[in-house]
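Please find below a colleague's note on the two-chain model under review. It is set out as numbered points, each of which may be read on its own.

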Amino acid sequence: MTKYQCLACTYVYDPAKGDPENGVPPGTPFEEVPDDWVCPECGVPKNMFEALE
Amino acid sequence: MSAAGPRENDNPPEEATVRSSAASSFEAVKVTDQVYWVGAIDWGVRDFHGYATDRGSTYNAYLILADKITLIDTVKAPFAGELLSRIASVVDPAKVDYVISNHAEMDHSGALREVLEALNPEKVFASAMGVKALEEHFHLDGHVTGVADGETLSLGSAGLTFVEARMLHWPDSMMTYLAEERLLFSNDAFGMHLASSERFDDELQQWLLEEEAARYFANILLPFSPLIAKLLEKVAGLGIDIDMIATSHGPIWRKGGDRIASLYATWASGERGDTAVVVFDTMWQSTAKMARAIGEGLTAGGARVKLMPLRAAHRSDVAVELLDAGALLVGSPTLNNNMFPTVADVLTYVKGLRPRGLIGAAFGSYGWGGQAVGQIEDILRDMKVDLAADGLKTKYVPDAAALRECRDLGVKIAGKLKGMVKV
């Protein structure tokens, strides 16, 4: 599964790990992360993330 | 700029608050019928967390004289007296109803505690992230009310709209729009570090405004360039009419709001030109000789060149060049198996600014270990700089052949730059 990186602060969303503290279980692909989820480091919305090759 | 760096402030403000009879009085400056500037001018600040501010700065705060008298932001802590004095020149400070914190950083929130004691406002507002940030700075025990993106606040005779600007440049950052005056309180966005008695852009020279605005963008906002385009779109999409932009540093954009927004779009686009920046330090002039030969090669190859010896140039000067330079070349001797400390300083700083789309190379003279060039290349690769030529190392003093290689490196980079630049 593709990792996604925050354009604002470089935090990397790893689908294998998810973001359980904020209600996203491990194994959740980025596309399925809720639309109102924000970067846990800096607070910017999903549209500020880009796929990491 | 000496190698030791500037002292933080050579002209600290007076300690007395407005309540002391020894305090001098400060006047508010009228912006519109109901808005006054009540901030502070910091003539002596020369270092802003690593950014050299040779022209000082201002901490802009504003008073809105609506039914609910509202203060937008405060100032850096030592200037609380100046702020309270300017407020008092217009209205009894105890009559202020609301305080809006657009940004939790302490150049704007530093005086908050003192201001809250003097004003005892009904409410303090900040973004959701701002509520958390203020708590983690000042431990105010829940006295701040969070506002959402797009939320409105009635001031009775006027209304405010809050526009979040997360990571421009902090998570808590937001802007506030006053529809009745078509005034956008943009906080750090569109600002600059410039101390002046003039409060409005049309009172100052265009070249000065552009120079300091570019310097501010390069040193503070560059990493967040992708967010700038989105913010400009978001503001355009709100369909609001903006007559003036009241920033938190520097003059108010009374006439030039469109111009600065357009400059921001250009700088945020990351479009690069044909300038090569050669940043270096030297122990015995050998790396400097290499730098000058590379410079000659770049010029011969048709590029524009800026050599930046680090005993003369500051890290924040390098940042400004990286706003639109096409190439970054970094030279360092090897000291005790590592790159020279001044070079490490600048690379750390510019790496954090995340300039995109650069080409570059590393070079340096060495005596035995020679690790500096490899270390520089590692950092340039982390920065996604395209290494357009192999790193160049010379033992001790470069001879004619070595200087020839340096010149050729410059020519090669200049050629690549020409290929990159749109005609």
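The points below treat conventions, the interface, the sheets, local backbone features and salt bridges.

1. Basis of the note. The model is predicted, and local features require pLDDT of at least 70, side-chain atom pairs count only at pLDDT 80 or more, and totals for chains, interfaces and linings use all residues. Residues are numbered from 1 along each chain as its sequence is written, chains are lettered from A and ligands numbered from 1 in the order in which they are written, and side-chain values use heavy atoms, with hydrogens and water left out.

2. Extent of the interface. Chain B and chain A each contribute 10 residues to the contact (heavy atoms within 4.5 Å). The two chains bury about 830 Å² between them, 65% of it on carbon and sulfur atoms; buried area here is the accessible area (1.4 Å probe) that two parts lose on being put together, summed over both. On the chain B side, the residues that lose the most area to chain A are B:Arg166, B:Lys230 and B:Arg354, which together account for 48% of what that side buries.

3. Character of the interface. Between chain B and chain A there are 4 residue pairs in polar contact, both residues at pLDDT 80 or more. A polar contact is a pair of N or O atoms within 3.5 Å; within protein, one must be able to donate a hydrogen and the other to accept it, and residues adjacent in sequence count only if both atoms are side-chain atoms. Helix 6 (residues 225–237) of chain B gives the most to the side that touches chain A, with 3 residues; helices (H or I, at least four residues) and strands (E, at least two) are DSSP runs, numbered from the N terminus. The rule finds 0 salt bridges across this interface (a side-chain nitrogen of Lys or Arg within 4 Å of a carboxyl oxygen of Asp or Glu).

4. Mixed sheet of chain B. An open sheet of 5 strands has the order 12-13-14-15-16, with mixed pairing (two strands pair if DSSP finds at least two bridges between them). Strand 12 (152–154) and strand 16 (244–247) of chain B stand at the edges with a single partner strand each, so one side of each lacks a neighbour in the sheet. Strand 13 (residues 159–164) and strand 14 (residues 174–178) of chain B run antiparallel and are joined by 5 bridges; B:Glu164 has B:Met174 as its bridge partner in strand 14 of chain B.

5. Loops of this region. B:Leu168 and B:His169 are joined by a cis peptide bond, with omega about 5°. B:His169 lies in the loop between strand 13 and strand 14 of chain B. B:Arg182 is not a glycine, yet has a positive phi of about 50°; its place is in the loop between strand 14 and strand 15 (183–187) of chain B.

6. Salt bridges. Over all chains the count is 19 salt bridges. In one of these, B:Lys234 pairs with B:Asp149, the closest N and O atoms being 2.8 Å apart. The pair links distant parts of the chain, 85 residues apart: B:Lys234 is in helix 6, and B:Asp149 is in the loop between strand 11 (144–147) and strand 12 of chain B.

7. Sheet of chain A. The 3 strands of an open, antiparallel sheet take the order 2-1-3. Strand 2 (12–13) and strand 3 (49–51) of chain A are the edge strands, each pairing on one side only. Strand 1 (residues 4–6) of chain A is joined to strand 3 by 3 bridges, and A:Cys6 stands opposite A:Phe49 in strand 3 of chain A.
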